[in-house]
Amino acid sequence: QVQLIESGGGLVQAGDSLRLSCAASGRTFSAYVIVMGMGWFRQVPGKEREFVAAIDYSGSSPIYADSVKGRFTISRDNTKSTMYLQMNSLKPEDTGVYYCAVRTVVGSRRVEDYTSWGQGTQVTVSS
């Protein structure tokens, strides 16, 4: 099983940028997710975890939630076993704990189709 560790969160002001990283260890990153993909979700207290973005092995077909489209960019570097989420023009509503996970169903945006969740990294955007 692959282990995922998120990093890069922090406290920023509206309009600022952050880049989150999701580093994988354990089973070989590329082999494990070669036909799958990986994704980012976020969660605030009292609300369900929501889909943010996902990417396949090649990185050629990223998908995004409508709320972040045009502001966030997902990418991955298979040589470094790391996935990234570049977040620009941050808004207070982007606040939450951001999690990365491995996708088990191609193209899915559903929480239940993801596994090997990381521990999360907190992003707080002040107005």
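Is Arg42 buried or exposed in this model? I would like to start there, and I should say at once that the model we are looking at is a predicted one. Arg42 has a relative accessible area of 6%, and because the cut-off for buried is under 20%, Arg42 counts as buried. The pair that Arg42 makes with Asp94 links distant parts of the chain, since Arg42 sits in strand β4, residues 37–43, whereas Asp94 sits in the loop between β8 and β9, 52 residues apart. The two residues form a salt bridge whose closest N and O atoms are 2.9 Å apart, and Asp94, at 0% relative accessibility, is buried as well.

Arg42 has another acidic partner, Glu50, and in that salt bridge the closest N and O atoms are 2.6 Å apart. Glu50, however, is partly exposed, with a relative accessible area of 35%. Elsewhere, Arg110 and Asp113 form a salt bridge with a closest N to O distance of 3.1 Å, and here Arg110 is partly exposed at 47% relative accessibility, while Asp113 is buried at 10%. Coming back to Arg42, salt bridges that share partners join Arg42, Glu50, Arg71 and Asp94 into one network. The count of salt bridges for the model comes to six.

Let me turn to the disulfide. The model has one, between Cys22 and Cys100, with their sulfur atoms 2.1 Å apart. The angle about the S-S bond is 70 degrees, and the link is right-handed. Cys22 belongs to strand β3, residues 18–26, and Cys100 to strand β9, so the disulfide ties together parts of the chain that are 78 residues apart in sequence. Both cysteines are buried.

Strand β3 brings us to the sheets. It is part of an open sheet of four strands, in the order β1-β3-β8-β7, with antiparallel pairing. At the edges stand β1, residues 2–7, and β7, residues 72–77, and because each has a single partner strand, one side of each is left without a neighbour in the sheet. From one strand to the next, the twist averages 15 degrees. If you would like to follow one pairing on the screen, β1 and β3 are joined in the antiparallel sense by six bridges, and within that pairing Ser7 stands opposite Ser21.

The other cysteine strand, β9, covers residues 96–103 and pairs with β11 in the antiparallel sense over three bridges; there, Val97 has Gln122 as its bridge partner. Strand β11 also pairs with β2, residues 10–13, but in this case the strands run parallel and are joined by four bridges, with Val12 opposite Val125. What are the two faces of β11 made of? The covered face carries Thr121, Val123 and Val125, and the uncovered one carries Gln122, Thr124 and Ser126. In a regular strand the side chains alternate between the two faces of the sheet.

That leaves the nonpolar core. In soluble globular proteins, nonpolar side chains tend to be buried together. The largest nonpolar core in this model has 32 residues, and those with the most contacts inside it are Trp40, Leu85, Met87 and Tyr98. The strand that gives the most to this core is β5, residues 50–56, with five residues. Taking Met87 as one example, and not counting residues up to four places away in sequence, its contacts include Leu18, Leu20, Phe72, Tyr98 and Val123. Met87 also touches Asp16, Ser17 and Arg71, and Arg71 is one of the residues we met in the salt-bridge network.

I will finish with a residue of strand β5, namely Ala54. At 0% relative accessibility, Ala54 counts as buried. Leaving aside neighbours within four places in sequence, Ala54 is in contact with Met38, Gly39, Ser61, Pro62, Ile63, Ile74, Arg103 and Tyr114. For a sense of distance across the model, Ala54 and Ser17 are 19 Å apart from C-alpha to C-alpha, and 37 residues apart in sequence.

Technical notes. Residues numbered from 1 in each chain as written. Predicted model: local features only at pLDDT ≥ 70, side-chain atom pairs only at ≥ 80, totals over all residues. Heavy atoms only, no water. Core = buried A, V, L, I, M, F, W, Y, C linked by side-chain atoms within 4.5 Å. Buried < 20%, exposed > 50% of the residue type's maximum accessible area, 1.4 Å probe, protein only. Contact = heavy atoms within 4.5 Å. Pairing = 2+ DSSP bridges. Salt bridge = Lys/Arg side-chain N within 4 Å of Asp/Glu carboxyl O. Disulfide = S-S within 2.5 Å. Axes fitted to C-alpha atoms, helices over the stretch in contact; angles between N-to-C directions.
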